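Visitor: Hi! Could you walk me through this one while I have it open on my screen?
Guide: Happy to. Let's bring it up and start with the charged pairs.

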Amino acid sequence: MTCNREPDFTMGRSTVVDGFDTWIDVVRERAQKTGEREAFTFLADGESDALRWDYRTLDTRARAVAVGLRHAGGKPGERAVLLYPPGAEFIAGFVGCLYAGMIPVPAYPPRSAEHERALPRLEGILKDARPTVILTSSRLLYTVRECVAAAWPGDSSPPPSVDTEVLLD
């Protein structure tokens, strides 16, 4: 597998990886044919292995997130803001958005609603992205809900915040 440096726009399509049109195609094909093959390794401190996922695990978790997005009201073409610290949950959330046909908008999560820079930055992201769903982890769910509610632009209710850890259990 090699990544194309320059997209091939033959017939109006581009290939992401040799023989595949999208990353979804890559993950699904690998999950079916070589499911036990390592998809990624997360290095907790930049050096030591903290977690390894094979393609089957990545596919299963991304599918669970995609279903959760749909249940939360997400539709293809809409945006989901991903508020995770670095790690495997972020990858499952990102690929899950792709599976659901949604546009992932990654952002580093706010530390708290009291953090002086957290709310203006988050408000800008929410205003620009206009997400229909927010994805986060169990550990951050309360803080994310509090911050999104405080930073949500306009008079409408903020979108639901979904704890993807619950979806993955």
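Guide: A good place to begin is R63 and D59, which sit four residues apart in helix 2 (residues 55–71), so about one helical turn separates them. Keep in mind that this is a predicted model.

Visitor: OK, and how far apart are the closest N and O atoms of R63 and D59?
Guide: They are 2.9 Å apart, and the two residues form a salt bridge.

Visitor: Is D59 buried or exposed?
Guide: D59 is buried, with a relative accessible area of 10%. Its partner R63 is partly exposed at 37%.

Visitor: How many salt bridges turn up in the whole structure?
Guide: Three in a search of the whole structure. Another one joins the side chains of K33 and E29, at 2.8 Å from N to O.

Visitor: Where do K33 and E29 sit?
Guide: Both are in helix 1 (residues 23–33), four residues apart, so they too are separated by about one helical turn. In an α-helix there are 3.6 residues a turn, so residues three or four places apart point the same way. As for accessibility, K33 is exposed at 62%, while E29 is partly exposed at 26%.

Visitor: And which side chains make the remaining bridge?
Guide: Those of R52 and E38, with 2.6 Å from N to O. This pair links distant parts of the chain: R52 belongs to strand 2 (residues 49–54) and E38 to strand 1 (residues 38–43), 14 residues apart. R52 is partly exposed, with 49% relative accessibility, and E38 is partly exposed as well, at 39%.

Visitor: Switching topic: what does helix 4 span from its first C-alpha to its last?
Guide: Helix 4 (residues 118–129) reaches 16 Å over its 12 residues, close to the 16 Å expected at 1.5 Å a residue.

Visitor: Which residues of helix 4 are buried?
Guide: They are A118, L122, I125, L126 and A129. Looking down the axis of helix 4, you'd find these buried residues within an arc of 95 degrees, so they line one face of the helix. On the other side, P120, K127 and D128 are exposed.

Visitor: What do the buried residues of helix 4 pack against?
Guide: They pack against strand 3 (79–83), strand 4 (103–107), strand 5 (133–136) and helix 5 (141–151).

Visitor: What about the backbone just after helix 4?
Guide: R130 is the residue to look at there, with a positive phi of about 50 degrees.

Visitor: Now the core. Which residues touch the most other members of the largest nonpolar core?
Guide: Of its 22 residues, those are L69, A80, C97, Y99, M102, V133 and L135. At least two core residues come from each of helix 1, helix 2, strand 3, helix 3 (88–100) and strand 5. Helix 3 gives the most, with six residues.

Visitor: What is V133 in contact with, beyond its neighbours within four places in sequence?
Guide: Its contacts are L69, A72, G74, R79, A80, V81, M102, P159, P160 and V162. There is also another core apart from the largest one, made of 15 residues that include V105, L122, C147 and V148.

Visitor: Why would nonpolar residues gather like that?
Guide: In soluble globular proteins, nonpolar side chains tend to be buried together.

Visitor: And L122, wasn't that in helix 4?
Guide: Yes, L122 is one of the buried residues of helix 4, and L122 is also among the members of that 15-residue core.

Conventions:
Residues are numbered from 1 along each chain as its sequence is written. This is a predicted model: local features need pLDDT of at least 70, side-chain atom pairs count only at pLDDT 80 or more; totals for chains, interfaces and linings use all residues. Side-chain values use heavy atoms; hydrogens and water are left out. A salt bridge is a side-chain nitrogen of Lys or Arg within 4 Å of a carboxyl oxygen of Asp or Glu. Buried means under 20% relative accessible area, exposed over 50%, partly exposed in between (1.4 Å probe, protein chains only). The expected span of a helix is 1.5 Å times one less than its number of residues. The arc is that of the directions from the helix axis to the C-beta atoms. Contact means heavy atoms within 4.5 Å. A nonpolar core is a set of buried Ala, Val, Leu, Ile, Met, Phe, Trp, Tyr and Cys residues joined through side-chain atoms within 4.5 Å.
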